[in-house]
Amino acid sequence: MRIQGNVRQFGWALLMSFTVVQGAHAAPANAPPVSYGVDSDTFHPVKAKHGMVASVDAMATEVGVDILKQGGNAVDAAVAVGFALAVTHPQAGNLGGGGFMLLRTASGRTTAIDFREMAPARASRDMFLDKQGNADSKLSLTSHLASGTPGTVAGFALAAQKYGTLPLSTLLAPAIKLARDGIVVNDALADDLATYGKETLINHDNSRAIFYKADGKPYQKGERLVQKNLARSLQLIAQQGPDAFYKGKIADEIAGEMAQHGGLIGKQDLAAYRAVERKPVSGTYRGYEVFSMPPPSSGGIHIVQILNILENFDLTKFGFGSADAMQVMAEAEKYAYADRSEYLGDPDFVKVPQQALTSKAYAKTLAQQIDVNKARPSSEIKPGKLAPYESNQTTHFSVVDKDGNAVAVTYTLNTYFGSGIVAGQSGILMNNEMDDFSAKPGTPNVYGLVGGEANAVQPAKRPLSSMSPTIVAKDVKTWLVTGSPGGSRIITTVLQMVVNSIDFGMNVAEATNAPRFHHQWLPDQLRVEKGFSPDTLRLLEAKGQHVKVMPAMGSTQSIMIGPDGTRYGASDPRSVDDLSAGY
């Protein structure tokens with residue numbers, strides 16, 4: 001199956017804003033429909049008649065729109081954006097990492113492409129434990145042992161070959177030019193190089209040679225960053241396809257780097273890597289269809305699980321930002337994250353009870369345990385008894401073409417700039433995704449997530465992820481395309497995009513800008529952004545929630561399609577230099 005698309009005109013607008021609104025979707029009796037961004041709304045999305053691209057980086061977004069102008073479809077544009085982000089947003093855009101793609105065609109077929117990294121053949125269960133048997137985060141985050149076998153190139157190549165319309169070389173051409181000619185460093189990259197580069201990049205000669213100048217300082221805003229080695233690697237992939245990365249010269253560079261410094265990825269690991277097409281997780285919420293990523297992502301299962309729980313409560317009546325609505329949602333999140341710790345892992349290695357976890361009946365039993373007036377301590381919540389039957393610095397982008405084909409992609413190196421290690425002279429930053437395994441069951445990872453035996457390290461296994469590219473359909477037609485970075489907070493960020501849109505009637509810009517909150521069971525803490533009423537926070541404390549105001553969460557890149565087919569794009573104001581653009 002190949003999907004079609006083309007384009008004629010181009011226009012764009014930047015989106016920056018912040019809002020708190022109330023309203024609701026028509027499913028609850030008292031809920032007005034989504035306004036989609038009328039003049040009376042507080043914030044307005046970018047509008048386009050034909051296609052829309054939303055990403056964290058303006059240069060990458062413009063690459064995607066230009067591919068649509070050339071006649072490419074949503075998959076073509078998404079692949080081009082993904083390769084461009086490896087150049088313009090090296091904090092998370094990548095060739096040396098992995099991720100997930102969710103694709104829904106105009107005809108209503110939805111599929112998922114899993115290009116998550118895999119543990120090398122020589123990986124072992126206790127490889128990240130010190131002599132005392134404790135988890136050593138330095139080994140799993142900043143050493144050469146931290147990298148899993150990358151999947152991005154294989155995933156993009158599979159998507160382009162099976163569902164795209166343009167040659168892979170055409171989709172790589174913009175990224176090659178950006179790497180070869182250089183990019184002007186923007187605020188986001190300058191800030192992250194200054195903040196996080198000194199923790200990782202500066203410690204490795206190959207990385208320092210790219211991201212640091214002769215005077216020893218990282219590149220700053222307005223300066224031109226040229227990545228000639230990365231341009232050569234991209235050119236090799238354009239000429240030879242994914243074999244250049246997995247079997248050719250790039251594979252030699254990666255394997256050589258690992259061999260020289262005690263890493264585990266060998267040429268046999270690269271040659272054996274395969275991207276996998278999987279059936280998406282699906283569910284319904286107040287009459288809408290929800291599709292998201294299946295395991296090894298935990299996102300899809302738990303978004304559906306939490307929505308199933310919330311269907312038992314009238315959130316519209318509670319109102320956005322109310323203590324009752326936040327109480328119910330936080331409690332539902334606790335139960336889902338507790339289940340995540342026990343049951344989720346790579347489905348090729350463990351049996352994930354997806355049907356039970358996403359059952360409406362199971363959700364009802366959990367809903368019955370939620371008291372709108374009193375929080376239940378996390379210490380009293382254990383993984384559920386079921387009936388028989390991922391990284392803070394990630395990036396997401398969404399694309400819808402003129403024919404209604406939609407793509408949501410979330411991919412990552414894990415933490416900022418991954419391990420900080422550039423493989424040889426390839427110009428490619430390597431991931432530190434091995435930290436997403438449970439180094440020691442019951443011990444939290446860098447995001448505080450607790451995992452169990454289902455996510456223990458094992459050769460050729462894919463680590464559990466929270467990445468949640470999500471598509472919501474209304475009356476069979478694609479309605480919302482969304483996703484976010486944020487490590488453990490991805491699930492709740494995407495959840496709130498769905499709830500804000502359906503229960504509270506927000507247009508896509510309002511849903512994006514609304515303040516967010518998050519509970520992940522352990523630690524027993526309700527994390528909230530600035531913007532909620534102090535009265536609401538006091539009421540939540542009185543209910544027993546341990547409220548803590550903390551920095552902003554997530555960076556959603558979302559597209560909503562109106563009843564008349566208009567595309568509405570919204571990039572998150574929590575990020576700088578991002579862009580929603582359409583034609």
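**Two helices and a few salt bridges**

Reader: Is the crossing of α14 and α17 left-handed or right-handed?
Author: First off, this is a predicted model, where local features need pLDDT of at least 70, side-chain atom pairs need 80 or more, and totals for chains, interfaces and linings use all residues. Residues are numbered from 1 along each chain as its sequence is written, and side-chain values use heavy atoms, leaving out hydrogens and water. Helices are DSSP runs (H or I, at least four residues), as are strands (E, at least two), numbered from the N terminus. If the near helix is turned clockwise from the far one by less than a right angle, as opposed to anticlockwise for left-handed, you get the label that fits α14 and α17: right-handed.

Reader: What do we call the way α14 lies to α17?
Author: The axes (lines fitted to C-alpha atoms over the stretch in contact, with angles from 0 to 180 degrees between N-to-C directions) come within 12 Å and cross at roughly 135°. Under 35 degrees is roughly parallel, over 145 roughly antiparallel, 65 to 115 roughly perpendicular, and the rest oblique. So α14 to α17 is oblique.

Reader: Which residue forms a salt bridge with Asp 572?
Author: Look for a Lys or Arg side-chain nitrogen within 4 Å of an Asp or Glu carboxyl oxygen. Asp 572 is buried, at 0% relative accessible area (buried is under 20%, exposed over 50%, partly exposed in between; 1.4 Å probe, protein chains only). Its partner is buried too, at 2%. With the closest N and O atoms 2.8 Å apart, that partner is Arg 516.
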